[in-house]
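Let's take a stroll through a protein model, looking at its strands and the empty spaces around them. Have the picture open while you read.

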Amino acid sequence: MQQRKFKLTQLALAAALVAATAAPAAMAQTNVSVSGLVDVFAGKVRNAGDANSRSVVNSGGMTTSWFGFKGSEDLGGGLKANFQLTSFIQADTGSQGRFPGDTLFSRDANVGLSGSFGAVSLGRELAPQFLPTILFNPFGDSYTFSPLILQADVPLFNGSAWTNSFAGDTGWSNSIRYTTPNFGGLTANLHYQFGEVAGNNGKNNVGLNLLYFGGPLALTAFYHNVEINNPLNVPAGNVQPGGNLPLASGLSAARQTAWMVGGSYDLKAAKLFATYGQTSHNIDLDDKTVSLGATVPAGPGKIMAAWAQTKRTGTAIGADQKRNTTSVGYDYDLSKRTDLYAVFMNDRITSQNNGNSFGVGVRHRF
């Protein structure tokens, strides 16, 4: 009996060893990685229209904090299966998402195939305007201090009633994206978002962007035509970036067209940035936005300076409005993954209180 138990134990150990050695082989077929970024700053924040400044410890001074998973499986013949699941977080409080009611994987939640034909993915994707705006301004994807990003994507929740220029959110749910192969530094992304509204095929978003990188020169362009309230996944009482534009007359725009062109040039001694874009609605409301900026290497980091101006016109808002935002900062690299930054920003809107903001923060990538 003891001999039988000994043999059964040997068999169990052998099976465990086989499983342990087989696991790496199975896992080798799929490459899965975990990555993310944590960014927190301390300072004072006062946007145009605020009555007073607020002392804060906030998440996302230079980059919205996030974590996520991505992976690919080699299917043979140059074909790969890919997936991404990425969630925004507010590192100052540990809260999920960018704002109350935001979905879990609001940055990326998609799966698709790639090969010599390019790539196709389905799910929640970055919107067509996201990469052109964040790659072509000195402050990148700073939703706190980048003049271009603030005016393009961030509504002000104060007495100014200033709304973001670009509608449709920075990510599109229920969408299909096709990415072309790289043609000498040029790639294109084509996006289509389904409205998923029964009996109403007109509720959809469509857009594309172009990205060119050739040595010191980089160029971009994007266009979108969006149903502004598509989708509206936020509980009552919260506002989704890209929701219907509240206007002085009480009207709401139902559809928006927008385009932007931009470029950057690296002179080594400085890198220069410029963009120009316009938005139009199915009511009399238009924005024209220009931005200029530069980064200058300085020691183990860089000096950053940027300015953006949006002119908003149309009978829907009554008197014309203008917003000017200027930011100056320094980003100090402690390592390839960790940096310290300090930024000062001035924000002005026609007939509103001026706002000055300042923040010092740390950003770590993993």
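## Small sealed spaces

Let's start on the inside. Keep in mind that this is a predicted model. It holds 4 cavities of 30 Å³ or more. The second largest cavity has a volume of about 40 Å³.

Which residues line that second largest cavity? They are L126, A127, L131, R177, N189, H191 and N209. Sorted by class, this lining splits into 3 nonpolar, 3 polar and 1 charged.

## The largest pocket

Now for the open spaces. Rolling a probe the size of a water molecule over the atoms shows where empty space is left. The largest pocket here has a volume of about 1,200 Å³. It is lined by 39 residues, and those closest to its centre are R98, Y143, T144, V154 and F157.

Which elements give two or more residues to this lining? They are strand 1, strand 2 (54-59), strand 4 (79-90) and helix 3 (147-153). As for chemistry, the lining of the largest pocket has 17 nonpolar, 14 polar and 8 charged residues.

## The second largest pocket

The second largest pocket comes in at about 850 Å³. Its lining has 40 residues, with K70, Q84, R107, D108 and R177 nearest the centre. R177 may ring a bell: that residue also lines the second largest cavity.

By class, the lining of the second largest pocket has 14 nonpolar, 18 polar and 8 charged residues.

## Strands side by side

Strand 18 (residues 355-365) is a good one to find in the picture, and strand 1 (residues 30-45) pairs with it. The two run antiparallel, with 8 bridges. One spot to look for is V40, whose bridge partner in strand 18 is V362. Strand 1 is also one of the elements that help line the largest pocket.

Strand 18 pairs with strand 17 (residues 338-349) too, again in the antiparallel sense, over 10 bridges. Here D347 has G355 of strand 18 as its bridge partner. Strands 17 and 18 form a hairpin with 5 residues between the strands, and in this hairpin S351 takes a positive phi near 65°.

## How sure is the model?

Averaged over the chain, the pLDDT is 87, and 84% of the residues score at least 70. Where does the pLDDT drop under 50? One such stretch is residues 1-28, for which the model has 0 contacts beyond four places in sequence. Residues 231-251 are also below 50, but this stretch has 50 contacts in the model beyond near neighbours in sequence.

Technical notes. Residues are numbered from 1 along each chain as its sequence is written. This is a predicted model: local features need pLDDT of at least 70, side-chain atom pairs count only at pLDDT 80 or more; totals for chains, interfaces and linings use all residues. Side-chain values use heavy atoms; hydrogens and water are left out. pLDDT is the predictor's confidence in each residue, from 0 to 100. Contact means heavy atoms within 4.5 Å. Two strands pair if DSSP finds at least two bridges between them. Helices (H or I, at least four residues) and strands (E, at least two) are DSSP runs, numbered from the N terminus. On a 1 Å grid over the protein atoms alone, a cavity is a set of points where a 1.4 Å probe fits but cannot get out, and a pocket is an open set with protein on both sides within 12 Å along at least five of seven lines; lining residues have an atom within 4 Å of a point. Grid points are joined across faces, edges and corners, and a volume is the space filled by probe spheres set on the points. Ala, Val, Leu, Ile, Met, Phe, Trp, Tyr, Cys and Pro count as nonpolar, Asp, Glu, Lys and Arg as charged, and the others, Gly among them, as polar.
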